[in-house]
Every structure is written in structure tokens, then in C-alpha cells.
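Work through the exercises below with the sequence and the 3D view at hand. Each task is followed by a solution in steps.

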Amino acid sequence: MSPSSLTSSPPAAALDQLTDLALREAELRADPVGVESALMRRLAAVPDRRSACGRRHRLVVILTLTACATLVVGGDSVAAIWQWAARTSQQVLERLGAHRDPFTGLFTVPSERTFRRVLAHLDGDALDAAISGYVADVLRQAAPVPQIPDTPGPLEREQRRVTQRQLTHPAPDGLLPGAALDGKASRGARTADGGRVFLIGAISHEYGVILGQSQVADKRGEGPAARALLTRLDAAGMVLTLDALHTTKATARLITQQLDAHYILILKGNQPLARAAAQALLTGPDVDWSATTAIDDDHGHDRIERRTIRTAQADDTLFPGARQAFRIRRDVGDLDGVWISKEIVYGITSLPATLAPPDHLNHYERAHWGVENRLHWVRDVTFREDHSQVRTGTAPRALAGFRNLAISTARLAGRANIAHARRDLLNHDDAFAVYAI
């Protein structure tokens with residue numbers, strides 16, 4: 001054998017070693033270690049848009065690590081998510097089916113750059129469907145309820161307030177399941193053309209969990225996007241509450257005729273004729289409306305609020321599917337009993353009086369505004385969403401979806417204070433255990 005042939009061909013032992021490593025790598029990719037996790041089963045349905053060439057980390061592993069990191073205090077940016085994920089134990093990575101380095105035999109975590117690239121090129125609709133699907137699985141008892149360990153000692157203040165309110169201010173009997181739809185701009189994020197990232201969410205009245213999310217290009221497209229979101233919800237038999245921006249005939253027909261659900265809509269300047277008709281229908285002294293009036297008093301934040309609602313029968317001539325019109329008067333006063341402000345709004349609903357007497361409508365409309373402090377405020381303050389500078393591709397929407405998942409998970413676990421629940425998950429194993437990993 002010539003010297004040139006020795007230098008051009010590797011030794012047989014080296015070839016055998018490389019072949020064994022390649023086979024081992026292919027074996028690990030073809031048969032990753034699986035876990036019985038309802039969330040991972042849902043996330044596994046999100047399509048992977050990356051090229052198969054050079055792909056090391058499974059998409060479901062990246063998404064699961066992101067979901068668990070977002071649960072924990074500080075997991076509000078891609079860098080923080082990667083930093084938290086980088087400390088995951090080998091045992092958990094093996095259960096996840098993470099990539100295993102064929103040379104060292106260690107399971108590895110994707111780099112921060114990989115997290116950024118993957119989150120920016122996701123199928124946003126598929127991710128939101130997977131997240132809302134997991135929440136729906138838990139609500140219908142098809143998946144176990146997540147468990148978050150609680151800090152030993154007395155109940156946290158907000159938890160006590162929620163419990164006390166349930167005792168002193170119970171909801172009326174016979175309520176239908178409800179959901180509120182509203183939009184929110186992610187202020188720090190921008191679309192590719194420089195526009196705002198505007199997201200619409202649907203939140204459950206009863207549980208405070210997020211049932212779905214959709215993105216629109218700008219504020220003007222919120223109506224069609226809301227209708228698209230509604231069609232993806234399992235809304236049959238539900239009461240859907242929306243603000244005045246969504247008071248359109250197209251939305252009313254979609255809810256009543258296609259979704260077999262009910263609406264409660266507010267009438268303002270975008271529907272002047274319907275508002276004028278409702279105002280004329282509900283005009284008169286209080287004594288004339290005593291049979292169809294309900295009053296709800298509440299106090300908190302150093303003020304007293306009184307909500308007085310009166311209702312009247314209506315039909316399709318007022319609005320498609322309408323069965324009642326209502327007027328809500330909100331009076332706000334000091335704790336000494338001096339009233340300082342008054343507001344009157346008009347609305348319509350497809351709910352007949354037999355399904356929704358005045359006290360029910362009062363409750364539904366009050367529950368609608370829970371979207372502000374139970375979703376928007378939490379994402380802005382607890383998760384610092386408006387401070388985020390993530391703006392590439394689908395990353396802003398994806399991170400908002402994982403924040404929705406974290407909020408829903410804490411609420412499904414019975415926790416009222418999301419920040420407090422996040423602080424109880426500083427242990428890595430506890431965070432993974434929430435989703436049975």
C-alpha cells in the first residue's frame with residue numbers, strides 16, 4: 001500500500017466508530033423518549049416549518065421548555081427563557097425527548113438563537129389552537145388539573161379577597177357559561193411593516209382562563225379577526241360579551257345563527273339608529289320599570305359602585321337576533337355615601353328574559369370587564385409584556401400565547417394571584433411537574 005493511500009483513507013476503527021455514532025443519533029431521533037403530558041400532546045400538533053436538514057431539536061421540546069419557563073418569575077423574555085431552560089436536569093431532558101449529543105452522551109438544550117428563530121417562524125394559529133386545546137381539555141376533565149405548590153402559611157391576600165367575595169357577593173343561580181372578547185396591543189412589538197401587534201383574546205367569565213387568541217394587522221381589522229376567533233371556539237350555548245366596537249350585524253348573525261350561542265352587545269355611536277331605538281324603548285321613570293329592574297351594589301378601592309339595569313323586550317327589528325334591550329346606569333360614590341359620577345349605557349342581547357332576567361344581564365356585563373384586570377393588566381404588569389422588545393415574525397404573538405397559558409394554568413390550579421403562583425415555581429422540577437413532565 002502506498003503512502004498516499006494511507007493518508008487519504010481513515011482507519012477502519014475510526015470508520016466503525018463514526019458509523020456507530022451516526023446510527024445511535026438516528027435511533028434517538030426516530031424514537032425519542034415520550035412522556036404522558038396533555039400539554040405536550042397538544043404542542044406536538046404544531047407543524048414544524050424548519051428545514052429537516054440540520055435540525056437537531058424537536059419543536060415540541062422547544063415549545064414545552066418555553067411554556068414551563070414562562071410559568072416562572074423572570075421568564076418574560078427569550079433570553080430569560082433560554083437561561084432557565086439551560087439549567088434543566090438531564091433526567092427531565094430525557095423525559096422530554098431532547099436531543100442527545102452522540103459524542104458526550106448528554107442531552108442538550110437549544111441555544112438562545114434557536115429559541116428566537118423558532119418562535120419567530122411558528123404557525124401562530126396552530127400554536128394558539130394547541131394552547132387553547134389544552135385549556136379546554138382540562139375544563140372538560142380530559143386532562144388532569146395542573147397543581148402548583150403553595151407557600152406554607154396563611155392565604156395570600158388576593159386569594160382571601162376572592163374567597164370573601166364569593167361568600168358575600170355570590171353569582172346568581174342559573175347562569176350560562178360566558179366568555180368576554182377584547183383586543184390588546186403589544187406596545188413594544190411591531191409587525192414587519194412597522195405596524196402594531198394587536199391581539200384579540202377570549203377569556204372565560206367563570207374561570208378566568210383564556211379560551212383563544214387571534215392576531216390582526218391593525219385596529220381596523222379587529223372585527224373580522226374577532227369573528228374568525230369566535231368560529232374557532234366551542235361556543236354553543238355560551239354567552240359572548242363584546243364591547244361596542246363589535247356591535248355589528250355580521251357578528252350578531254354569526255353568534256346566533258352559526259354558533260348557536262348568545263350575545264350581549266353595547267350600543268354606541270357606531271350603531272346610532274339601534275341606540276336611539278333602545279333609548280326610546282327604555283325611557284321612563286324608575287317606578288314604571290320596577291318589574292324588570294335589578295340593582296347591584298359593590299364597594300372597594302375606597303369607593304361605592306351601584307349598577308342599576310332595566311330591560312325591555314325586543315326583536316329582530318332592533319338588531320339581528322335581539323330579544324331584549326337594556327339600560328345600565330353606573331353610579332360611583334365615596335364611602336361617605338356622596339355620589340360623584342354617573343354613566344348610562346345601552347345594549348342589546350339575544351338572550352330572552354326567561355334565560356336572562358335583569359340580575360343575570362347585570363352579572364354578565366360586569367364579568368365582561370374582568371378581561372381588563374384578569375388578562376390585560378396581568379400580561380402588562382406581571383409579565384411586563386408592554387416592555388418587551390421582541391418584534392420578529394410570530395415571536396410577539398407566540399410569547400403572548402405562552403403568557404395566556406401561564407395565566408390559565410395558574411387559574412385552573414385555583415390560584416388568584418398569578419405573580420404569587422409564579423414565585424412558588426422557582427424549583428425546576430416543580431415547574432415541569434405542573435404539566436406532568
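**Exercise 1. The whole chain**

What percentage of the 437 residues of the protein count as buried?

Solution. The model is a predicted one: local features need pLDDT of at least 70, side-chain atom pairs count only at pLDDT 80 or more, and totals for chains, interfaces and linings use all residues. Residues are numbered from 1 along each chain as its sequence is written, and side-chain values use heavy atoms, with hydrogens and water left out.

Step 1. Fix the term: buried means under 20% relative accessible area, exposed means over 50%, and partly exposed lies in between (1.4 Å probe, protein chains only).

Step 2. Apply the term: 48% of the 437 residues count as buried.

Step 3. Add the surface: the protein exposes about 21500 Å², an area that comes from the Shrake-Rupley method with a 1.4 Å probe. Carbon and sulfur atoms supply 53% of this area.

Step 4. Add the extent: along the principal axes, the C-alpha atoms fill a box of roughly 110 × 50 × 40 Å.

**Exercise 2. Elements and contacts**

State how many helices and strands the protein has, and what share of its contacts joins residues at least 24 apart.

Solution. Step 1. Helices (H or I, at least four residues) and strands (E, at least two) are DSSP runs, numbered from the N terminus. The protein has 17 helices and nine strands.

Step 2. Contact means heavy atoms within 4.5 Å. Among contacts between residues at least 6 apart in sequence, 66% join residues at least 24 apart.

**Exercise 3. The second largest pocket**

Give the volume of the second largest pocket and describe its lining.

Solution. Step 1. A pocket is found on a 1 Å grid over the protein atoms alone, as an open set of points where a 1.4 Å probe fits, with protein on both sides within 12 Å along at least five of seven lines; lining residues have an atom within 4 Å of a point. The volume is the space filled by probe spheres set on the points, which are joined across faces, edges and corners.

Step 2. The volume of the second largest pocket is about 600 Å³. Its lining has 25 residues, and the closest to its centre are Ala136, Leu139, Leu211, Asp234 and Met238.

Step 3. Two or more lining residues come from each of helix H8 (124–139), strand E3 (210–216) and helix H10 (222–232). H8 gives the most, with eight residues.

**Exercise 4. Ile131 in H8**

Is Ile131 buried or exposed, and which residues does Ile131 touch beyond four places in sequence?

Solution. Step 1. Ile131 is in helix H8. Its relative accessible area is 5%, so Ile131 is buried.

Step 2. Not counting residues up to four places away, Ile131 touches Gly401, Phe402 and Leu405.

Step 3. Ile131 and Asn404 are 273 residues apart in sequence, and their C-alpha atoms are 8.4 Å apart in space.

**Exercise 5. Three loop residues**

Place Pro177, Thr247 and Ala413 in their loops and describe their contacts, leaving aside neighbours within four places in sequence.

Solution. Step 1. Pro177 is in the loop between helix H9 (157–168) and strand E1 (178–190). With a relative accessible area of 43%, Pro177 is partly exposed. Its contacts are Gly237, Met238 and Val239. Gly237 is 60 residues from Pro177 in sequence, at 7.6 Å from C-alpha to C-alpha.

Step 2. Thr247 is in the loop between strand E4 (239–242) and helix H11 (249–258). Thr247 counts as buried because its relative accessibility is 0%. Its contacts are Leu265, Ile266, Leu267, Asn270, Gln271 and Phe319.

Step 3. Ala413 is in the loop between helix H15 (395–412) and helix H16 (418–423). A relative accessibility of 24% makes Ala413 partly exposed. Its contacts are Pro146 and Ile148.

**Exercise 6. Positive phi**

What are the phi values of Gln141 and Ala436, and where do these residues lie?

Solution. Step 1. Most residues other than glycine have a negative phi.

Step 2. Gln141 has a positive phi near 65°. Gln141 is in the loop between H8 and H9 and counts as exposed, at 72% relative accessibility.

Step 3. Ala436 has a positive phi near 60°. Ala436 lies in the segment after helix H17 (428–434) and is partly exposed, with a relative accessible area of 41%.
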